[in-house]
Amino acid sequence: MGIRTTWRQGFKALRGYATAAGLPRVRVPQTVIEKVVQRYAVDWPAGKSVRAGDYVMIRPEHVMTHDNTGPVISKFKSIGATRIHNPKQLVFTLDHDVQNKSAKNLAKYANIEAFARQHGVDFYPAGRGIGHQVLVEEGYAFPHTLTVASDSHSNMYGGIGCVGTPIVRTDAAALWATGKTWWQVPRMINVELKGKLPPGATGKDVIVALCGYFNKDEVLNGAIEFTGDGVSALSVDDRLTIANMTTEWGALAGVFPVDDVTLDWYERALKRLELRTFSSPGLSSSIPPPPEHPRINRARLDALRATNLRSDPDAWYASHLVLDLSTLVPHVSGPNSVKVSTPLPVLESKKIPIQKAYLLSCTNARASDIAAAAAVIKGHKVAPDVEFYIAAASSEVQLDAEKRGDWETLILAGAKPLPSGCGPCIGLGVGLLEDGQVGISATNRNYKGRMGSPNAQAYLASPAVVAASAIKGYIASPDSLDPAALPSAGAPTFSLVTPAQDKTASSDSAAADEPVLEGFPTTFAGPLLFAPQDNLNTDALYPGKYTYQDDITLERQAEVVMENYDPSFAGLVASIRKEQQQSPSPSVKQGVILVSGYNFGTGSSREQAATALKSAGVPLVIAGSFGDIFKRNAINNGLVCIESPELVADLTAEYAKDGKRGAGGKDGELTVNKGHSVDVKVVEGRVEVRWPSGETRTYRVGRVGASVQELWICGGLEGYVLKSIKAQSA
């Protein structure tokens with residue numbers, strides 16, 4: 001097609017294509033998350049509804065980076081950028097290594113601040129608070145907006161109805177330079193909360209239970225919308241805690257509705273912010289009013305009330321999970337896994353001794369959390385053999401706790417204060433778990449070794465349970481918790497429903513076929529190789545021993561690709577590529593097509609896992625599902641990712657040992673090569689596989705949208721940024 005390839009011209013043509021095709025403007029039901037993304041989609045075809053699975057170019061309201069701002073600055077400069085596209089879109093918050101007073105770290109912080117001042121970026125220094133909390137307090141994360149952060153816990157913004165989702169550093173640099181990056185809209189998941197929490201149960205218990213009882217990747221890489229009559233009984237602080245830990249549950253976003261609870265919370269926040277101006281209501285009308293907060297102000301709240309978004313009644317969800325809150329007792333997560341969740345009464349009977357307790361992090365260190373802990377600990381002392389560390393989520397939170405006397409109550413009981421920041425939650429600073437120790441924490445992660453020694457054990461619980469455990473010396477419930485008022489200590493009542501296939505999605509897609517940008521192949525073709533394995537991690541794809549060899553070439557990456565999974569893989573691909581005849585048509589991209597199982601590319605964020613495959617001659621990977629960080633790195637580097645559970649199922653049944661992924665092929669091989677060939681029509685959403693028998697099977701898959709096409713044409717996100725910079729200069 002003759003669509004020009006500059007970004008602005010290309011999408012002008014794209015919009016023209018949509019109009020010329022005469023797309024029917026039928027109403028397509030959407031979730032509230034899809035509606036919010038639609039608001040922030042850039043150059044989206046007219047008349048087309050944003051749906052789960054779509055690749056969109058987004059211009060988020062804000063993008064936050066923290067201590068990783070330093071590496072993002074380096075990435076920003078390395079791609080040739082010199083000017084921030086929109087300084088008001090950026091927020092810098094120093095919060096991770098705030099206890100580190102070394103000259104090197106102080107210099108790093110100073111350089112970040114200097115860069116912020118130079119470019120007019122909002123900057124919050126070490127001690128102001130954890131970035132996620134600051135973004136909520138200062139209105140950067142706001143209901144029905146889309147805000148991203150280079151940190152996995154940006155899901156937390158969903159507690160106030162903001163679609164928050166994580167990005168990687170390359171995305172952050174691209175956003176700085178262009179204001180935009182890409183996102184694939186996740187599948188939508190409805191988590192219905194019914195009933196009301198019994199006394200003593202909190203939002204932390206809700207998410208700990210969800211992580212423990214739905215622990216088979218039910219929400220992996222999904223976007224959760226919380227619904228049900230139980231939502232209205234949850235405070236905003238409870239919602240923030242639950243949304244925060246949807247990250248640990250495996251989701252990319254967890255969003256609560258904007259209801260009266262949310263709006264009342266903002267009314268109180270507005271009054272609080274007005275007090276900052278020291279205005280007096282009785283002054284003469286001739287005196288100008290004090291300045292408004294730029295983000296949390298009367299006009300914005302009134303507009304929110306007037307245009308409150310809700311999901312359409314017939315919106316489609318990939319899954320529907322139900323939890324009856326009234327059947328939930330306090331729960332404890334661990335040890336060392338969020339997928340292990342135990343009712344507190346069961347664990348308390350074991351009297352597991354602890355040596356450290358923690359009340360800190362972006363999850364559970366707000367004023368209500370500190371108050372809950374203070375109520376439990378008042379009149380008691382921290383047990384002699386226990387160290388209890390506390391750090392408020394922000395300086396504002398600590399001031400509140402000090403005014404109420406809660407902070408002093410904890411200190412007088414023997415708690416050890418730390419500066420507002422991440423600290424022990426991510427294994428930085430003082431108070432880390434040592435060999436053989438057991439700790440209980442109100443944080444969000446208890447992965448082995450995260451909070452200190454890998455030979456320690458970490459449990460997660462609510463602030464009240466953490467405080468009770470700190471004074472009793474073992475994992476325990478508060479004295480105020482009345483067992484008689486609690487439901488049975490067994491598993492809470494929950495269920496899972498997977499609806500039938502969404503019919504509106506397919507009809508909408510048929511009405512809005514993706515155009516093909518000039519320079520993007522309509523077909524990826526070649527021999528098919530099958531790696532019958534789930535959770536094929538980035539270390540298997542690209543060994544860690546090569547990760548920090550900065551001078552390693554792409555050719556060398558191709559030689560070691562998949563070395564930790566199948567040492568013969570690189571040689572097999574090289575031999576196939578050597579004999580492969582290239583198609584004379586520029587619309588066909590030849591290569592070797594790799595097919596694997598579920599959660600492909602899980603693990604670390606090393607981008608070489610993607611570049612090594614591409615360099616070896618694998619232009620496209622098909623999997624049951626992908627680890628989201630791998631998918632972002634793949635698309636950022638021009639490697640196309642397609643999900644086809646049906647194809648994976650057929651190959652598994654035919655060629656995997658015992659018909660199950662994880663044990664190699666039937667002949668013991670790790671990579672199955674049986675002579676299949678495949679044509680992937682990525683824009684049409686169709687995969688055609690020719691089996692050795694001569695049979696051709698066709699599989700429907702998601703389409704590759706114009707935003708990803710453009711990235712591929714540019715050679716990846718860095719090439720797109722350079723192109724955008726040149727276009728701006730022109």
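Let's call two residues in contact when they have heavy atoms within 4.5 Å of each other. With that in hand, look at how this predicted model is wired: of the contacts in the protein with a separation of 6 or more, 75% come from residues 24 or more positions apart.

Now zoom out to the overall build. You'll find 25 helices and 27 strands in the protein. The radius of gyration comes out at 26 Å, and the globule rule gives 27 Å for 730 residues, so the protein is as compact as a globular protein of that length. If you'd rather think in box dimensions, the C-alpha trace spans about 80 × 70 × 55 Å along its principal axes.

What about inside versus outside? Of the 730 residues, 59% are buried. As for the surface, the protein exposes about 28,200 Å², and carbon and sulfur atoms supply 52% of that area. The charge bookkeeping goes like this: there are 74 positive and 74 negative side chains. The centres of those two sets lie 3 Å apart.

Next, the aromatics. How many aromatic pairs does a search of the whole structure find? The search turns up 22. Take Phe626 and Phe630 as one example: their ring centres are 6.3 Å apart and their planes sit at 5°, so this pair is stacked, given that planes under 30 degrees apart count that way. Are these two rings buried or exposed? Phe626 has 0% relative accessibility and Phe630 has 2%, so both count as buried, the cut-off being under 20%.

Another pair to pull up in your viewer is Tyr655 with Trp691. The ring centres here are 6.0 Å apart with the planes at 20°, so Tyr655 and Trp691 are stacked as well. This pair links distant parts of the chain, as its two residues are 36 residues apart. Tyr655 belongs to helix α23 (residues 645-655), while Trp691 sits in the loop between β26 (686-690) and β27 (696-700). On burial, Tyr655 has 12% relative accessibility, so it counts as buried. Trp691 is buried too, with a relative accessible area of 6%.

One more aromatic stop before you go exploring on your own. Which residues do ring pairs link into a cluster? They are Phe76, Phe92, Phe115 and Trp176.

How values were computed:
Residues are numbered from 1 along each chain as its sequence is written. Side-chain values use heavy atoms; hydrogens and water are left out. Helices (H or I, at least four residues) and strands (E, at least two) are DSSP runs, numbered from the N terminus. The radius of gyration is taken over C-alpha atoms; the globule rule is 2.2 Å times the number of residues to the power 0.38. Buried means under 20% relative accessible area, exposed over 50%, partly exposed in between (1.4 Å probe, protein chains only). Accessible areas come from the Shrake-Rupley method with a 1.4 Å probe; for residues, only the protein chains shown count as cover. Lys and Arg count as positive and Asp and Glu as negative; His and the chain ends are not counted. The place of a charge is taken as NZ of Lys, CZ of Arg, CG of Asp or CD of Glu. Rings of Phe, Tyr and Trp (its six-membered ring) pair if their centres lie within 6.5 Å; planes under 30 degrees apart count as stacked, over 60 as edge-to-face and the rest as tilted.
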